[in-house]
Amino acid sequence: MDEETTPPEGNVPVVRLSEMVAGPTLFLPHQAWALTNPTPNPECRHPEMWDQIPDLPADLKGMVTITLSPVLGIGGNAVVYEGQLESNGVSRAVAVKVAFIKRAVDGSLLADETARSVAREMRISRALQHPNIAHYYGMCYDPIALKLFSTIPALVFAHCAGRSAIKYLANHPTTKRLPLVRGIVDGLAYMHEFGIIHGDLNPRNVLIKLDESGIRAVLNDFGSSVIASEDTTWLGDDIDYSAPEIKTKESHVTTMSDIYSLALTTLAIVSDKPAFDGDPLKIREMRTQGLRPDRADHPALEIDDNMWECIVACWAHQPEARWSASQVVSFLGQTQA
Ligand SMILES: Nc1ncnc2c1ncn2[C@@H]1O[C@H](COP(=O)(O)OP(=O)(O)OP(=O)(O)O)[C@@H](O)[C@H]1O
């Protein structure tokens, strides 16, 4: 689900998150470091760091204001508000992600499960620092969530003014696609290098960042991401872009399942068409039978034979036959040289 709204007209309600007080924490002890350790893993720093604010506290209490309407987007698990982060007299546009409280089949609220999944997303987001990864600033408590559960923090990311890649490209059809693909692959290779599996790579989770150096693709939504050395159980729910070996909630994601999703995402971005289109049940069946999108259905200007071969190699049915993200990086480096 992805709902983007038109820019606001006139006055819009703005809420300051300064006076919000956190209630007793629902986070389990082993997750507490994500909230208390203010320093991201220094090994994860990238030489081309962007949007970094030195000495920013992990809890951005009193520094963030949000605009309640219109929202930046609504996903299956969260609503994302536009906001401002004020630090040392400088104001930056941010996106504030507020998780929906999960519900059990009987309708009861699963607050602790939601808290655990927000804690995991926070932990992963703060570790990842790369120009092609949504930049995480910190967390804060949201007034709406507070009414229900004062303990689930909102996550604050740098605002990507181009919003989702698919919508940006629909409005800017002459945009060069290969540099965006390159950015997606660079971001994914960086994640894999640190042993993190995205788990839900699809075109909706690619945002467009606009800055003085132009436009760049940014990987977003680490709500289904996992640390490969811990637990790799699949946490996503979108099957269309998921690898064929992912069948049930008991399935395990791997870097190779991300590569399959990368192939379909690349195809969608270069061709302005969802990789598979039509009845979801049929799509699932095709995927399991090893069928893949037909090149003739995706007559994109920027897919030459080499690029097509790369896509085909990445969606191989056997995970071990797929290219790694770093192989795709070298391939794109050679073809764009
Ligand atoms: N940093 C950002 N800048 C601009 N827009 C954003 C940003 N982060 C999220 N959005 C918007 O909000 C939407 C939902 O965000 P996100 O994908 O993180 O939510 P989700 O509930 O985890 O989604 P999913 O249904 O994939 O699990 C995005 O598709 C995008 O349109």
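A residue counts as buried when its relative accessible area is under 20%. In this predicted model, Tyr136 has a relative accessible area of 9% and is therefore buried. Phe157 falls in the buried class too, because its relative accessibility is 6%.

These two residues also meet each other. Tyr136 and Phe157 make up an aromatic pair with an edge-to-face arrangement, their ring centres being 5.5 Å apart and their planes at 65 degrees. The contact joins distant parts of the chain, since Tyr136 belongs to strand 8 (residues 136–140) and Phe157 to strand 9 (residues 154–158), with the two positions 21 residues apart in numbering. In total, the structure contains 4 aromatic pairs.

We can turn next to the enclosed empty space. The count comes to 3 cavities of 30 Å³ or more. The largest cavity has a volume of about 70 Å³ and is lined by 13 residues. Nearest its centre lie Gly199, Asp200, Tyr241, Ser242 and Ser261. The lining of this largest cavity is mixed in character, with 5 nonpolar, 5 polar and 3 charged residues.

The second largest cavity, of about 50 Å³, has a lining of 10 nonpolar residues, 1 polar residue and no charged ones. Among the residues around this cavity are Val181, Leu262, Thr266, Met307, Ile311 and Leu332. Two or more lining residues come from each of helix 5 (178–193), helix 6 (255–271), helix 8 (305–314) and helix 9 (325–336). Helix 8 gives the largest share of this lining, with 4 residues.

Note on methods: Residues numbered from 1 in each chain as written. Predicted model: local features only at pLDDT ≥ 70, side-chain atom pairs only at ≥ 80, totals over all residues. Heavy atoms only, no water. Phe/Tyr/Trp six-rings, centres within 6.5 Å; stacked < 30°, edge-to-face > 60°. Buried < 20%, exposed > 50% of the residue type's maximum accessible area, 1.4 Å probe, protein only. 1 Å grid on protein atoms, 1.4 Å probe; cavity = no way out; pocket = protein on both sides within 12 Å on 5 of 7 lines; lining within 4 Å. Points joined across faces, edges and corners; volume = space filled by probe spheres on them. Nonpolar A, V, L, I, M, F, W, Y, C, P; charged D, E, K, R; others polar.
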